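Subject: Structure for you to look at

Hi,

Here is the structure I promised to pass on. Have it open while you read, and my notes follow below.

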Amino acid sequence: MSDQKRIRRLVFDIPLDASGIEGVTAETPVKVAVVSAGKVLYASLVRFDKQGRGVARVEIGDAPDTVQIVVGPPDAADDELPYLQTMSRTVSVRLLQEGKFKLEPIAISPYYWHWWRRWCHEFTVTGRVICANGLPVPGARVCAFDVDWWWWWSSRQQVGCATTDADGSFTLTFRWCCGWWPWWWWRRRFWQLDPDLLERLRPVIEQVPDFPIPIPDPRPSLAVFAPLLARDGRAAAMLSQSFDPATLPKLREHLLERLPLIPELEQLRLWPWAPWQPWWDCSPDLIFRVTQACQGEERVIVDETIANTRWNVPANLSVTLVANESACCIDDQPPPEGNCVVVANVCSSLTGSIGGNLGAPATPAGYLNPGVAAIHGDRPFAGTVLIGGLFGSATQVDFYEFEWATNPAGPWQPMPAAAVGNFTRTFWGPALPAGPTGFHNVPVVFTPVSGRLVAPARAYFEANNGPGTWGTSRFWVSNRDLLLPWLTANTFGDGVYYVRLVGYRNTGTAVNPQLGAPQILPICNSERDNYLVLAIDNSTSALEPAADVVAVRINGAEANPCANIVIGSDGMLEIDFIAYDVDHHLAFYTLEATYGKNGRVNLLACPGATLTPIAVPPTVPAADFAGPDYGAARAQGATAPHWRGGGLRLTVPLACAFPVKCCYQIELRVYKRTIVSCNYDYHPNKLSFYSLTVA
């Protein structure tokens with residue numbers, strides 16, 4: 001209306017009549033707004049007298065020729081009122097000003113009066129964010145979303161956010177309205193293709209004749225139903241019109257005549273199997289997303305999908321959200337009793353699950369899951385090995401270092417500087433010495449003191465930085481009990497090593513520390529001096545592991561790479577290959593033929609397949625055991641913790657290996673058991689492939 005003539009100032013009354021409504025009082029007002037082009041020029045609450053009469057005195061300046069009077073619920077926001085299903089009247093401002101038009105009282109409908117009391121409400125969500133072990137997650141941003149979906153599209157609308165405290169608790173309050181005009185509700189939502197809904201709908205569509213699966217568009221479109229409803233003239237006409245969400249109920253009737261009944265999708269409340277008019281949804285359907293900025297990066301620690309939807313939540317909702325492994329949790333584990341130390345974990349494994357350590361089988365020493373005849377058994381370590389533990393409650397240690405040996409009886413040597421890694425601890429609370437509450441990093445640096453390379457114990461740091469606040473307003477959330485990143489690559493050769501912690505009191509000052517006598521603390525709840533035994537296997541050669549498809553023969557004839565081979569329905573395929581680890585720490589290998597689009601044959605599982613050890617000159621011996629995994633090798637006679645593999649020949653029927661005419665790629669993957677830099681995936685690993693065309 002920017003090109004309309006404007007009237008400088010206008011004053012007029014809007015009379016309201018609620019005399020036909022039972023129970024009307026001054027405490028039950030309505031809201032009146034004057035609107036032009038979606039912009040609210042005036043809004044106020046109107047209260048009624050005992051006869052149910054009320055008047056809004058309107059004063060506006062720079063008014064256009066025409067305005068819309070809107071009457072609606074009292075608790076709607078001013079800018080929401082034009083888009084709710086309200087009572088409205090369009091009037092000429094000029095006629096009002098010239099006295100040529102008298103505004104008759106607007107009679108309030110009992111229908112609207114009933115719904116206006118129910119459209120807008122306040123909702124409160126209280127809850128906690130915790131880690132899987134129940135520890136609280138502080139400083140996390142919790143956001144709630146109302147979620148809707150139809151066909152294979154979904155939409156999220158953020159309704160509110162809150163931040164967790166030291167207990168992981170949060171309170172989130174938001175206002176929610178329903179009763180929108182369908183077109184406006186739709187305009188406010190952002191839609192996207194939902195992979196989960198697409199996977200649920202795909203098998204349904206495949207059952208319906210004349211309903212090809214189209215390439216899904218990321219934005220909703222009724223055109224997706226055109227193939228299904230092409231023979232239905234009335235429905236097809238609806239599809240050709242501009243999209244109006246108000247037509248969906250009628251379109252649903254036509255679709256249900258062609259689609260099979262799927263109770264699962266009806267329970268999911270998926271349209272068209274379930275009715276869908278979300279603009280009338282007066283109780284939101286919530287999912288949550290939680291982020292946390294810890295250790296210098298923003299992490300998504302809870303990310304719910306439509307499968308987690310809480311339908312029609314009450315006005316007061318309580319939730320517990322379990323964060324993933326990326327979360328920083330408050331670690332308030334109490335120390336063990338006594339003057340002792342517990343070197344409790346290596347990477348994310350307890351030392352009691354590593355051979356030769358307290359609580360674990362004695363052999364094979366230094367290996368995770370000792371003696372377990374499976375690919376996760378007898379695993380050595382490599383790279384950066386994180387060692388963590390706790391000092392006892394009566395321990396008086398200000399600084400500590402680590403020593404190493406190849407025998408628990410020694411001789412013990414100081415850990416070389418190149419093998420000692422510094423690290424960072426993170427706490428949540430006020431900054432040191434004082435400052436804003438949040439996540440703060442504390443560097444832990446091994447420094448020469450009195451000729452030894454030592455780091456400050458956590459208790460010593462707490463006593464000299466914010467004493468009395470730790471565990472009350474400041475809480476460790478990351479690396480609280482980390483003691484040493486042991487940098488084994490290029491510093492320690494392959495073998496079994498013993499490491500122990502040596503503690504010291506500070507006999508100097510905080511500024512100029514001096515080390516007292518060394519303390520070799522016992523392991524808590526035992527009489528044994530502390531030490532940790534670990535097997536190290538740092539891969540340094542191409543044979544750790546070695547993978548190579550050496551030769552391929554079909555019915556005895558050599559098939560070179562990129563060859564075109566014509567075969568019959570009978571005959572055998574031979575593949576000579578290498579799956580070998582010079583350090584005897586193989587985990588498993590796979591041998592597959594891939595072809596076409598996602599075609600795959602597990603050659604080792606083909607009926608009649610055989611494996612025969614063969615030497616592959618000049619360096620690879622015949623496999624000690626065929627495997628194809630550590631568990632199978634142990635069953636074949638391998639002695640823990642060793643399985644090296646070697647040269648092998650696979651013989652397999654051609655009909656299984658090459659089921660169709662196509663180009664094939666023979667893919668060999670070989671994996672070690674070694675845990676490299678605390679990554680429990682199976683690596684190092686190697687890939688070798690060999691391609692040929694089979695007709």
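**Cysteine links**

With 110 degrees about the S-S bond, the disulfide of C143 and C161 is right-handed. This link joins distant parts of the chain, since C143 sits in strand β9 and C161 in strand β10, 18 residues apart. Before you go further, keep in mind that this is a predicted model. The two sulfur atoms of C143 and C161 are 2.0 Å apart. Are these two cysteines buried or exposed, or something in between? C143 has 10% relative accessibility, so C143 counts as buried. C161 has 23%, and therefore counts as partly exposed. The cut-off that decides this is 20%: buried means under that value.

In case the term is new to you, a disulfide is a covalent bond between the sulfur atoms of two cysteines. How many disulfides does a search of the whole structure find? The answer is 8. Here are two others that I looked at.

One of them is the pair C131 and C329, with sulfur atoms 1.5 Å apart. The torsion about their S-S bond is about -60 degrees, so this disulfide is left-handed. C131 lies in the loop between β8 (120-130) and β9, while C329 lies in the loop between β15 (316-322) and β16 (341-346), so the pair ties together parts that are 198 residues apart in sequence. Both C131 and C329 are buried.

The other is C347 with C678, where the sulfur atoms are 2.0 Å apart. This link is left-handed, with -70 degrees about the S-S bond. C347 is in the loop between β16 and β17 (349-350), and C678 is in the loop between β39 (675-676) and β40 (685-694), so this disulfide ties together parts that are 331 residues apart in sequence. C347 is buried, and C678 is buried too.

Some cysteines are left without a partner. Why does C562 have no bond to C663? The sulfur of C663 is the closest cysteine sulfur to that of C562, but at 7.9 Å it is too far for a bond. C562 counts as exposed, because its relative accessibility is 66%. C663 is in no disulfide either, and its nearest cysteine sulfur, in C662, is 6.4 Å away. With a relative accessible area of 45%, C663 is partly exposed.

**One helix, two sides**

Next, find helix α4, residues 195-205. Which of its residues are buried? They are L197, L198, L201, V204 and I205. Seen down the axis of α4, these buried residues fall within an arc of 120 degrees, so they line one face of the helix. The spacing makes sense if you recall that an α-helix has 3.6 residues a turn, so residues three or four places apart point the same way. On the other side of α4, P195 and E199 are exposed.

What covers the buried residues of α4? The cover includes β9 (140-150), β10 (153-163), β12 (191-193) and α8 (263-267). You have met β9 and β10 already: they are the strands that hold C143 and C161. At the start of α4, have a look at D194, where a side-chain oxygen comes to within 3.0 Å of the backbone nitrogen of D196.

**Two open sheets**

A reminder first: strands of a sheet pair through backbone hydrogen bonds, either parallel or antiparallel.

One open sheet has 4 strands in the order β17-β16-β19-β27, with antiparallel pairing. At its edges stand β17 and β27 (482-487), each with a single partner strand, so one side of each is left without a neighbour in the sheet. Inside the sheet, 4 bridges join β16 to β19 (residues 384-391). Across that pairing, V342 has L390 as its bridge partner, and N345 has G388. On the way to the edge, β19 and β27 pair over 5 bridges, and G388 stands opposite L482 in β27. Of the 8 residues of β19, 6 are buried, so this strand is largely enclosed by the rest of the structure.

The other open sheet has 5 strands, in the order β32-β40-β38-β34-β35, and its pairing is mixed. β32 (564-565) and β35 (599-602) are the edge strands, each pairing on one side only. Strands β34 (residues 586-595) and β38 (residues 662-672) run antiparallel and are joined by 9 bridges. One pair to find there is L586 and its bridge partner K672 in β38.

Have fun exploring!

Technical notes. Residues are numbered from 1 along each chain as its sequence is written. This is a predicted model: local features need pLDDT of at least 70, side-chain atom pairs count only at pLDDT 80 or more; totals for chains, interfaces and linings use all residues. Side-chain values use heavy atoms; hydrogens and water are left out. Buried means under 20% relative accessible area, exposed over 50%, partly exposed in between (1.4 Å probe, protein chains only). Helices (H or I, at least four residues) and strands (E, at least two) are DSSP runs, numbered from the N terminus. The arc is that of the directions from the helix axis to the C-beta atoms. Contact means heavy atoms within 4.5 Å. A polar contact is a pair of N or O atoms within 3.5 Å; within protein, one must be able to donate a hydrogen and the other to accept it, and residues adjacent in sequence count only if both atoms are side-chain atoms. A disulfide is a pair of cysteine sulfur atoms within 2.5 Å. Two strands pair if DSSP finds at least two bridges between them.
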